[in-house]
Amino acid sequence: MTIKLIALLLFSVLVSSCGTTKLSTEDLSDFNSGKKAILQTYNQPLIGSLIFAEQPVTQIISVDGEMLDSVIFKTDEKIAIDVGLHKIKFSCVSRSGPDERDYSEVIELDIKPHYEYRVRCSFDTEFGPDGTYTGSFSINENRLK
């Protein structure tokens, strides 16, 4: 009985942690008309980070100072963002480890219509000058239409 309960719990966590937030019909329409682009985090699934090396979770914290709602148990976030220049705050958070690494940075992006921007973070191996971990964000842009 205990094994079945543990297996069910693990399966539930894995399924719920592998999803991506969905865009609304209005956001998709605005993307198709060229008013918006897609900004998405690109994280390694939880099971992959357990088997291979730890990969931190990339999160979108705010766009132009406006905080976004946090989505619990989602691997990736996806938002529609207006075309133009934006200041976007990203966070890089450790999934495991005793030191609870965390790194954030504000990046200025010139968003183009019909593009998808995929963001992923990684931690540097060294501590920064203030004794905390430093990281970096890679942004891949793809024209979808």
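In this predicted model, Asp-27 is buried, with a relative accessible area of 19%. Because the limit for a buried residue is under 20%, the value of 19% places Asp-27 in that class. The residue belongs to helix α2, which covers residues 25–32. Leaving aside residues up to four places away in sequence, Asp-27 touches Lys-36 and Ala-80.

Attention turns next to the strands. Strand β3, made up of residues 57–63, is mostly covered, six of its seven residues being buried. One of its partners is strand β7 (residues 84–93), and the two run in the antiparallel sense over six bridges. Within this pairing, Thr-58 stands opposite Cys-92 of β7. Strand β4 (residues 66–67) also pairs with β3 in the antiparallel sense, here over two bridges, and Ser-62 stands opposite Met-67 of β4. Two residues separate β3 from β4 in the resulting hairpin, and Asp-64 in the turn has a positive phi of about 55°.

Cys-92, already met opposite Thr-58, takes part in a further link. The structure holds one disulfide, formed by Cys-92 and Cys-121 with their sulfur atoms 2.3 Å apart. This bond connects distant parts of the chain, since Cys-92 sits in strand β7 and Cys-121 in strand β9 (residues 115–127), 29 residues apart. The link of Cys-92 and Cys-121 is right-handed, with 85° about the S-S bond. Both Cys-92 and Cys-121 are buried.

Strand β7 also contributes to the aromatic contacts. A search of the whole structure finds three aromatic pairs. For Phe-90 and Phe-137, the ring centres are 5.7 Å apart and the planes meet at 40°, so this pair is tilted. Phe-90 lies in strand β7 and Phe-137 in strand β10 (residues 133–143), which means that the pair ties together parts 47 residues apart in sequence. Phe-90 is buried, with a relative accessible area of 0%, and Phe-137 is buried too, with 14%. Ring pairs join Phe-90 and Phe-137 with Tyr-103 into a cluster.

A charge over a ring completes the description: Lys-112 lies over the face of Tyr-115, at 4.9 Å from the ring centre.

Note on methods
Residues are numbered from 1 along each chain as its sequence is written. This is a predicted model: local features need pLDDT of at least 70, side-chain atom pairs count only at pLDDT 80 or more; totals for chains, interfaces and linings use all residues. Side-chain values use heavy atoms; hydrogens and water are left out. Buried means under 20% relative accessible area, exposed over 50%, partly exposed in between (1.4 Å probe, protein chains only). Helices (H or I, at least four residues) and strands (E, at least two) are DSSP runs, numbered from the N terminus. Two strands pair if DSSP finds at least two bridges between them. Contact means heavy atoms within 4.5 Å. A disulfide is a pair of cysteine sulfur atoms within 2.5 Å. Rings of Phe, Tyr and Trp (its six-membered ring) pair if their centres lie within 6.5 Å; planes under 30 degrees apart count as stacked, over 60 as edge-to-face and the rest as tilted. A charge sits over a ring if NZ of Lys or CZ of Arg is within 6 Å of the ring centre and within 35 degrees of the ring normal.
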